[in-house]
Amino acid sequence: MTFFAPFTIPFIVGAGIMFFVLAWKYISWLRGLPKDDLKLILRGIPTTATLRSVWEVIRESLLHVRIFRVNPVLGYMHTSLAFGWFLLIAVGWIEVVAYLGSEFVPLQGHVFFKYFAAGKIANHIAFFDFAMDLLLAIVLSGVLLAWFKRLRSKAMGMRRTTKHTTGDRIALSFLWFVFPLRLAAESITAAIYGGGGFLTGSIGKALHNTLGTAVLENLYEPSWWLYSCALGGFFIALPFSRYMHIFTEIPLIFLRNYKLRPTHKESTYDNFEVQACSRCGICIDPCQLQSELGINNVQSVYFLRDRRYNMLSLSVANDCLMCGRCEAKCPVGINLNTLRLNSRDAMRNIPDERRYGYLRGLDRSEGSGRVGYFAGCMTLLTPKTLNAMERIFESAGEEVWWADRNGGVCCGRPLKLSGETDSAHKMMAYNTELFRKHGITTLVTSCPICLRVFREDYDLDGIEVLHHSEYIARLINEGRLRLSGGKGTFTYHDPCELGRGCGIYDAPREVIEAVGTLMEAEHNRRDSLCCGSSLANTVINDSQQLKIAASLTAELDATGAETIVTSCPLCKRAIARCAADRVRDLSEIVADAITK
Amino acid sequence: MATINFGYSINRPRLIDIDRNNLRKSDEILLEMPELQTCIGCGTCTASCTAGNLTDFNFRKVHTLVRRGEYAGAYEEMNKCMLCGKCRLLCPRGINTRGVVMLIKRKLGDF
């Protein structure tokens with residue numbers, strides 16, 4: 001059997017270009033990694049991380065378990081296309097071996113086996129005819145669903161889908177044509193030479209009866225040409241379009257399991273994450289900038305696209321609440337917020353080295369104790385929280401060192417969120433030194449923004465960092481705080497930085513239940529809404545912030561609770577614009593419930 | 001006669017001539033952040049300022065000077081800001097003050 005025909009050239013050229021570009025990209029990204037990351041990879045390879053990665057590749061790159069969780073039909077659409085195509089290749093390979101044994105067959109021989117084997121095989125193996133047709137039918141059902149999704153995405157659990165670029169649309173068209181053209185080519189082959197299963201065989205018979213041999217002979221070669229061209233076109237488009245995710249998710253899973261992560265500075269590792277984005281658009285629906293404000297060009301999918309093609313603008317990079325709702329839903333698990341942060345860092349102003357020289361020698365703290373309390377700028381703007389914390393400390397008999405009651409230095413996170421990472425580190429160094437100087441062992445803060453930066457960026461070994469919700473819960477459990485329970489009904493708003501940011505959901509709820517009855521809002525915990533006042537966004541204006549806060553307040557009010565509770569001073573101020581004094585900080589309701 | 005030091009001094013007379021100042025940067029800033037036209041100069045931003053509490057940084061003053069085309073030293077002065085965002089929460093006109101700080105720095109970084 002010979003394995004060459006002119007029509008295979010588009011396929012061979014396409015596949016060659018694709019593999020060359022892929023190899024070139026991956027090798028240059030790996031070479032660009034810092035030495036420490038390379039060490040992590042080398043150390044990780046002989047460990048169980050490799051096995052875990054293989055399992056994750058099967059789960060996520062072939063079966064797409066996480067997309068099934070978003071919506072079963074959406075999951076089936078993607079799995080039928082991806083896993084179906086994979087099985088077509090794998091079973092096709094086995095079929096060739098079953099017919100030809102150990103004979104060497106080049107790549108195009110496998111792909112176009114039906115063409116090369118036409119009329120040369122005496123005994124068809126019925127199993128393969130059936131299996132290959134079944135798989136093709138499954139893939140075609142996926143293509144049909146993909147077409148249907150273009151018309152009605154809502155039926156598949158997506159309110160909105162991605163608006164694709166022209167390049168992506170071209171690649172998409174090639175992909176959509178691959179399988180119908182394969183069906184046509186194989187059916188025509190079956191019509192002339194026999195064979196084929198329930199799908200290609202039956203269509204082949206029908207074609208044979210209606211068109212006649214002469215017409216079919218004329219259609220035979222062109223049909224294979226078209227199929228080969230669709231494949232070749234798709235392969236050439238793949239490394240430059242959204243379909244780069246097909247291959248890139250695999251190295252990403254391995255690198256992630258070897259503990260590589262994007263950092264606050266851009267690195268070539270980021271390319272693995274950026275190009276693993278399939279632009280599925282699952283991140284669009286959770287975005288409140290979309291649902292409340294109708295902003296349609298800043299969501300993570302568009303941010304990653306703009307960054308990948310070097311057309312990222314400052315207004316897109318900065319227009320994000322960084323609430324993390326999209327990150328929680330991303331089926332690829334891309335660190336969307338970190339990538340946006342390091343893009344902002346790369347686009348920042350040139351920092352002034354003399355900046356913040358005025359911090360030197362500053363110390364306005366007061367009191368002494370092993371427990372330090374850092375109010376943070378926002379708590380200083382909500383004095384009720386500060387007073388409540390004072391009463392709680394007093395009632396629990398805690399000696400407290402007040403870090404910034406008389407005005408202190410910002411924690412540095414707002415600056416970091418604005419991309420001025422280097423300058424933010426000057427503040428971090430100042431605050432760390434201040435904490436060390438006063439010898440505290442526990443640091444309590446009532447601001448989740450400060451909490452997150454203390455936990456993620458500060459080097460505070462030996463100092464336990466607690467959010468006031470955790471600290472109060474601990475006081476209650478240790479019996480140091482006596483509260484009169486059963487007072488009123490409360491609903492709780494999870495602040496983004498505390499919930500999705502630091503994973504603290506239970507402590508505040510525990511505290512609320514010690515005081516009264518908790519009534520959950522529709523979106524809660526990992527799915528909670530953002531208040532809209534996030535420091536991460538420097539683009540939206542006041543009325544837009546208010547609109548987001550109003551929708552959040554409406555949802556919290558819908559629970560029918562008497563009081564809205566939150567544990568972030570910024571969220572409190574945002575909700576207070578729509579709910580006046582019905583919103584209170586966690587510490588306030590605790591302080592009111594203290595029994596003397 | 002030797003000058004007697006009474007412990008205070010008189011401000012040097014100072015004139016801002018808007019006709020002579022180059023307002024191009026100022027106009028660009030206004031174009032990108034039109035809400036700045038609603039500023040009433042109340043100074044709440046400065047009163048609440050974290051950096052202003054520790055230094056003589058005065059956001060209202062810097063903003064006013066920049067708007068009148070007095071750019072000298074504005075970038076260095078703006079760099080004292082910690083971007084903590086208290087001013088934005090308190091501004092009675094709801095001006096995106098953090099955005100203003102970043103915008104002024106971006107526009108005047110090369111001055």
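**Exercise 1.** In this predicted model, determine which strands of chain A helix α23 lies across, and at what angle helix α23 runs to β4(A).

*Solution.*
Step 1. Locate the helix: α23 of chain A spans residues 448–456.
Step 2. List the strands that it crosses: β1, β3 and β4 of chain A.
Step 3. Compare directions: helix α23 runs at about 155° to β4(A).

**Exercise 2.** Give the strand order of the open sheet of 4 strands in chain A, and state which are its edge strands.

*Solution.*
Step 1. Reading across the sheet, the order is β2-β1-β3-β4, and the pairing is parallel.
Step 2. An edge strand pairs on one side only; here this holds for β2 (400–402) and β4 (464–467) of chain A.
Step 3. From one strand to the next, the twist averages 25°.
Step 4. Take one pair within the sheet: β1 (residues 371–374) and β3 (residues 442–445) of chain A are joined in the parallel sense by 4 bridges. A:Val371 has A:Thr442 in β3(A) as its bridge partner.

**Exercise 3.** Decide whether strand β5 of chain A is largely enclosed or open, then find how many bridges join β5(A) to β6 and to β7.

*Solution.*
Step 1. Strand β5 of chain A covers residues 489–493, and 4 of its 5 residues are buried, so the strand is largely enclosed by the rest of the structure.
Step 2. Toward strand β6 (residues 517–518) of chain A there are 2 bridges, and the two strands run parallel. A:Thr517 in β6(A) stands opposite A:Thr489.
Step 3. Toward strand β7 (residues 563–566) of chain A there are 4 bridges, again in the parallel sense. A:His493 has A:Thr566 in β7(A) as its bridge partner.

**Exercise 4.** State the domain bounds of chain A and the separation between the centres of domain 1 and domain 3 of chain A.

*Solution.*
Step 1. The division gives domain 1 (6–19 + 67–245), domain 2 (261–348) and domain 3 (354–596).
Step 2. Taken over C-alpha atoms, the centres of domain 1 and domain 3 of chain A are 56 Å apart.

**Exercise 5.** Describe the contact between chain A and chain B, and the confidence of chain B and of the model.

*Solution.*
Step 1. Chain A contributes 20 residues to the contact and chain B contributes 22 residues. On the side of chain A, these are 11 nonpolar, 5 polar and 4 charged residues.
Step 2. Chain B has a mean pLDDT of 90, with 96% of its residues at 70 or more.
Step 3. Within chain B, confidence is lowest in helix α5 (residues 74–78), at a mean of 90, and highest in helix α2 (residues 44–48), at 95.
Step 4. The model as a whole scores ipTM 0.87 and pTM 0.91.

Key. Residues are numbered from 1 along each chain as its sequence is written. Chains are lettered from A and ligands numbered from 1 in the order in which they are written. This is a predicted model: local features need pLDDT of at least 70, side-chain atom pairs count only at pLDDT 80 or more; totals for chains, interfaces and linings use all residues. Two residues are in contact if their C-beta atoms, placed from the backbone, lie within 7 Å. Ala, Val, Leu, Ile, Met, Phe, Trp, Tyr, Cys and Pro count as nonpolar, Asp, Glu, Lys and Arg as charged, and the others, Gly among them, as polar. pLDDT is the predictor's confidence in each residue, from 0 to 100. Two strands pair if DSSP finds at least two bridges between them. Axes are lines fitted to C-alpha atoms, for helices over the stretch in contact, and angles run from 0 to 180 degrees between N-to-C directions. Domain bounds come from an automatic or database domain assignment. A residue is buried if 20 or more other C-beta atoms lie within 10 Å of its own, exposed if 12 or fewer, and partly exposed in between; C-beta atoms are placed from the backbone.
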